[in-house]
Amino acid sequence: MENCVFCKIATGEIPARKLYEDDEVIAFWDIDPQAPYHFLVVPKKHLASTTALREADDKLAGKLLRLGAKLAQENNVGDFRVIFNNGPMAGQEVFHMHMHVLGGRKLGKLG
Ligand code: 5GP
Ligand code: ZN
(Lines give C-alpha, C1' and ligand atoms only; values in the text may rest on other atoms or scores of the structure.)
(Ligands and ions follow the chains in the order given, each with its own letter.)
Protein backbone atom coordinates (compact mmCIF):
# COMPACT_ATOMS: atom_id res chain seq x y z
CA MET A 1 0.00 0.00 0.00
CA GLU A 2 1.23 3.47 -0.91
CA ASN A 3 2.58 5.72 1.82
CA CYS A 4 2.66 2.92 4.37
CA VAL A 5 5.93 2.94 6.29
CA PHE A 6 5.81 -0.79 7.09
CA CYS A 7 4.98 -1.75 3.49
CA LYS A 8 8.06 0.28 2.54
CA ILE A 9 10.19 -1.51 5.12
CA ALA A 10 8.79 -4.84 3.82
CA THR A 11 9.92 -4.01 0.27
CA GLY A 12 13.25 -2.55 1.40
CA GLU A 13 12.38 0.95 0.25
CA ILE A 14 12.94 2.18 3.82
CA PRO A 15 15.83 0.57 5.71
CA ALA A 16 15.41 -1.12 9.08
CA ARG A 17 17.61 -3.11 11.46
CA LYS A 18 16.25 -6.52 10.58
CA LEU A 19 16.18 -9.55 12.87
CA TYR A 20 14.33 -11.85 10.51
CA GLU A 21 12.70 -11.93 7.10
CA ASP A 22 10.93 -14.46 4.91
CA ASP A 23 8.30 -14.15 2.18
CA GLU A 24 5.45 -13.51 4.67
CA VAL A 25 6.94 -11.75 7.66
CA ILE A 26 9.62 -9.25 8.61
CA ALA A 27 10.95 -8.46 12.10
CA PHE A 28 13.04 -5.40 12.92
CA TRP A 29 14.12 -3.28 15.89
CA ASP A 30 11.80 -0.41 16.76
CA ILE A 31 13.21 3.01 15.82
CA ASP A 32 12.02 4.50 19.14
CA PRO A 33 12.47 1.69 21.66
CA GLN A 34 10.33 1.74 24.80
CA ALA A 35 12.46 -0.88 26.54
CA PRO A 36 16.09 -2.13 26.23
CA TYR A 37 14.78 -4.70 23.75
CA HIS A 38 11.92 -3.62 21.50
CA PHE A 39 11.28 -5.16 18.13
CA LEU A 40 8.31 -5.49 15.81
CA VAL A 41 7.05 -8.56 13.96
CA VAL A 42 5.12 -7.51 10.89
CA PRO A 43 3.23 -9.38 8.17
CA LYS A 44 4.48 -8.25 4.77
CA LYS A 45 0.96 -8.03 3.37
CA HIS A 46 -0.87 -4.86 4.30
CA LEU A 47 -3.47 -5.42 7.00
CA ALA A 48 -4.44 -2.16 8.70
CA SER A 49 -4.82 -3.64 12.18
CA THR A 50 -5.68 -6.82 14.05
CA THR A 51 -9.35 -6.22 13.29
CA ALA A 52 -8.51 -6.71 9.60
CA LEU A 53 -7.50 -10.32 10.26
CA ARG A 54 -9.69 -12.94 8.62
CA GLU A 55 -9.90 -16.69 9.12
CA ALA A 56 -7.56 -17.14 6.17
CA ASP A 57 -4.94 -15.26 8.20
CA ASP A 58 -5.03 -17.62 11.20
CA LYS A 59 -1.78 -19.28 10.21
CA LEU A 60 -0.08 -15.93 9.66
CA ALA A 61 -1.27 -14.60 13.04
CA GLY A 62 0.08 -17.70 14.76
CA LYS A 63 3.36 -17.30 12.96
CA LEU A 64 3.78 -13.76 14.32
CA LEU A 65 3.47 -15.07 17.87
CA ARG A 66 5.73 -18.07 17.37
CA LEU A 67 8.40 -15.98 15.64
CA GLY A 68 8.24 -13.24 18.28
CA ALA A 69 8.92 -15.77 21.02
CA LYS A 70 11.68 -17.44 19.01
CA LEU A 71 13.40 -14.15 18.18
CA ALA A 72 13.14 -13.02 21.81
CA GLN A 73 14.92 -16.19 22.89
CA GLU A 74 17.54 -15.98 20.15
CA ASN A 75 18.32 -12.40 21.13
CA ASN A 76 18.47 -13.15 24.88
CA VAL A 77 15.64 -10.76 25.67
CA GLY A 78 14.63 -12.75 28.75
CA ASP A 79 11.06 -12.20 29.90
CA PHE A 80 9.07 -10.25 27.36
CA ARG A 81 5.67 -8.84 26.56
CA VAL A 82 3.85 -8.89 23.22
CA ILE A 83 1.45 -6.10 22.33
CA PHE A 84 -0.85 -5.41 19.42
CA ASN A 85 -2.17 -1.87 19.56
CA ASN A 86 -5.48 -1.71 17.73
CA GLY A 87 -6.81 1.77 16.98
CA PRO A 88 -5.67 5.25 18.04
CA MET A 89 -7.18 5.06 21.53
CA ALA A 90 -5.06 1.98 22.14
CA GLY A 91 -1.92 3.76 20.92
CA GLN A 92 -1.78 2.56 17.31
CA GLU A 93 0.13 5.05 15.17
CA VAL A 94 1.16 2.92 12.20
CA PHE A 95 -1.86 1.44 10.45
CA HIS A 96 -0.16 -1.69 9.18
CA MET A 97 -0.60 -4.32 11.82
CA HIS A 98 2.43 -5.26 13.88
CA MET A 99 3.29 -7.09 17.05
CA HIS A 100 5.55 -5.36 19.55
CA VAL A 101 7.96 -7.48 21.57
CA LEU A 102 9.39 -5.66 24.60
CA GLY A 103 11.77 -6.77 27.30
CA GLY A 104 14.97 -6.10 29.19
CA ARG A 105 13.42 -4.16 32.05
CA LYS A 106 10.67 -4.63 34.60
CA LEU A 107 7.47 -3.82 32.74
CA GLY A 108 4.64 -2.04 34.53
CA LYS A 109 1.01 -3.03 34.64
CA LEU A 110 -0.95 -2.65 31.44
CA GLY A 111 -2.97 0.42 30.65
P1 5GP B 1 2.09 1.61 17.16
O2 5GP B 1 2.09 2.84 18.02
O3 5GP B 1 1.42 1.86 15.83
O4 5GP B 1 1.58 0.39 17.86
O5 5GP B 1 3.61 1.28 16.90
C6 5GP B 1 4.34 1.78 15.83
C7 5GP B 1 5.78 1.56 16.17
O8 5GP B 1 6.54 1.67 15.00
C9 5GP B 1 6.33 2.60 17.16
O10 5GP B 1 6.88 1.93 18.28
C11 5GP B 1 7.37 3.35 16.34
O12 5GP B 1 8.50 3.73 17.10
C13 5GP B 1 7.74 2.34 15.26
N14 5GP B 1 8.16 2.94 13.99
C15 5GP B 1 7.51 3.92 13.30
N16 5GP B 1 8.18 4.20 12.18
C17 5GP B 1 9.26 3.39 12.15
C18 5GP B 1 10.34 3.21 11.21
O19 5GP B 1 10.44 3.87 10.17
N20 5GP B 1 11.27 2.27 11.51
C21 5GP B 1 11.20 1.51 12.65
N22 5GP B 1 12.19 0.61 12.85
N23 5GP B 1 10.20 1.64 13.55
C24 5GP B 1 9.25 2.57 13.30
ZN1 ZN C 1 1.34 -1.42 4.85
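**Figure 1. Close-up of Gly68, a buried residue of helix α2.** Gly68 is buried, because its relative accessible area of 0% falls under the 20% that marks the limit for a buried residue. In this predicted model, Gly68 belongs to helix α2, and, leaving aside residues up to four places away in sequence, it touches Phe39, Val41, Met99 and Val101. The C-alpha atom of Gly68 is separated by 8.4 Å from that of His100, a residue 32 places away along the chain.

**Figure 2. Close-up of the zinc ion (ligand 2) and its protein donors**. Four atoms of the protein serve as donors, namely SG of Cys4, SG of Cys7, ND1 of His46 and ND1 of His96, and they lie 2.0 to 2.3 Å from the zinc ion. The arrangement is tetrahedral because the four donor atoms subtend angles of 104 to 116 degrees around the zinc ion, and four donors count as tetrahedral if all angles lie between 85 and 135 degrees. Read along the chain, the donors of the zinc ion follow the spacing C-x2-C-x38-H-x49-H. Cys7 and His46 are a pair that links distant parts of the chain, since Cys7 sits in helix α1 while His46 sits in the loop between β3 and α2 (58-74), 39 residues apart. Cys7 is buried, with a relative accessible area of 8%, whereas His46 counts as partly exposed at 25% relative accessibility.

**Figure 3. Close-up of Ser49, in the loop between β3 and α2**. With a relative accessible area of 9%, Ser49 is buried. When residues up to four places away in sequence are not counted, Ser49 touches Asn86, Gln92 and Met97. Between the C-alpha atoms of Ser49 and Val5, which are 44 residues apart along the chain, there is a separation of 14 Å.

**Figure 4. Close-up of the largest pocket and its lining**. The largest pocket holds about 470 Å³ of space, and 22 residues line it, of which Phe6, Asp30, Ile31, Asp32 and Leu40 lie nearest its centre. At least two residues of this lining come from each of α1 (5-11), β2 (25-29) and β3 (37-43), and α1 supplies the largest share, three residues. Sorted by class, the lining of the largest pocket has 11 nonpolar, seven polar and four charged residues.

**Figure 5. Close-up of the second largest pocket and its lining**. The volume of the second largest pocket is about 190 Å³. Among the residues that line the second largest pocket are Gln34, His38, Arg81, Ile83, Asn85 and His100, and the lining also includes Leu102, Arg105, Leu107, Lys109, Leu110 and Gly111. Strands β4 (80-83) and β5 (99-103) each supply at least two residues of the lining of this second largest pocket, which by class has four nonpolar, five polar and three charged residues.

**Figure 6. Close-up of Asn3 and Asn76, two residues with a positive phi**. Asn3, placed in the segment before α1, has a positive phi of about 60 degrees although it is not a glycine. Asn76, found in the loop between α2 and β4, likewise is not a glycine, yet has a positive phi of about 55 degrees. Asn3 is exposed, with a relative accessible area of 67%, and Asn76 counts as exposed at 62% relative accessibility, because a residue is called exposed when its relative accessible area is over 50%.

Technical notes: Residues are numbered from 1 along each chain as its sequence is written. Chains are lettered from A and ligands numbered from 1 in the order in which they are written. This is a predicted model: local features need pLDDT of at least 70, side-chain atom pairs count only at pLDDT 80 or more; totals for chains, interfaces and linings use all residues. Side-chain values use heavy atoms; hydrogens and water are left out. On a 1 Å grid over the protein atoms alone, a cavity is a set of points where a 1.4 Å probe fits but cannot get out, and a pocket is an open set with protein on both sides within 12 Å along at least five of seven lines; lining residues have an atom within 4 Å of a point. Grid points are joined across faces, edges and corners, and a volume is the space filled by probe spheres set on the points. Helices (H or I, at least four residues) and strands (E, at least two) are DSSP runs, numbered from the N terminus. Ala, Val, Leu, Ile, Met, Phe, Trp, Tyr, Cys and Pro count as nonpolar, Asp, Glu, Lys and Arg as charged, and the others, Gly among them, as polar. Donors are N, O and S atoms within 2.8 Å of the metal (3.2 Å for Na, K and Ca); water is not among the atoms, so sites may look incomplete. Four donors count as tetrahedral if all angles lie between 85 and 135 degrees; four count as square planar and six as octahedral if opposite donors are over 155 degrees apart and all others between 65 and 115; anything else is irregular. Buried means under 20% relative accessible area, exposed over 50%, partly exposed in between (1.4 Å probe, protein chains only). Contact means heavy atoms within 4.5 Å.
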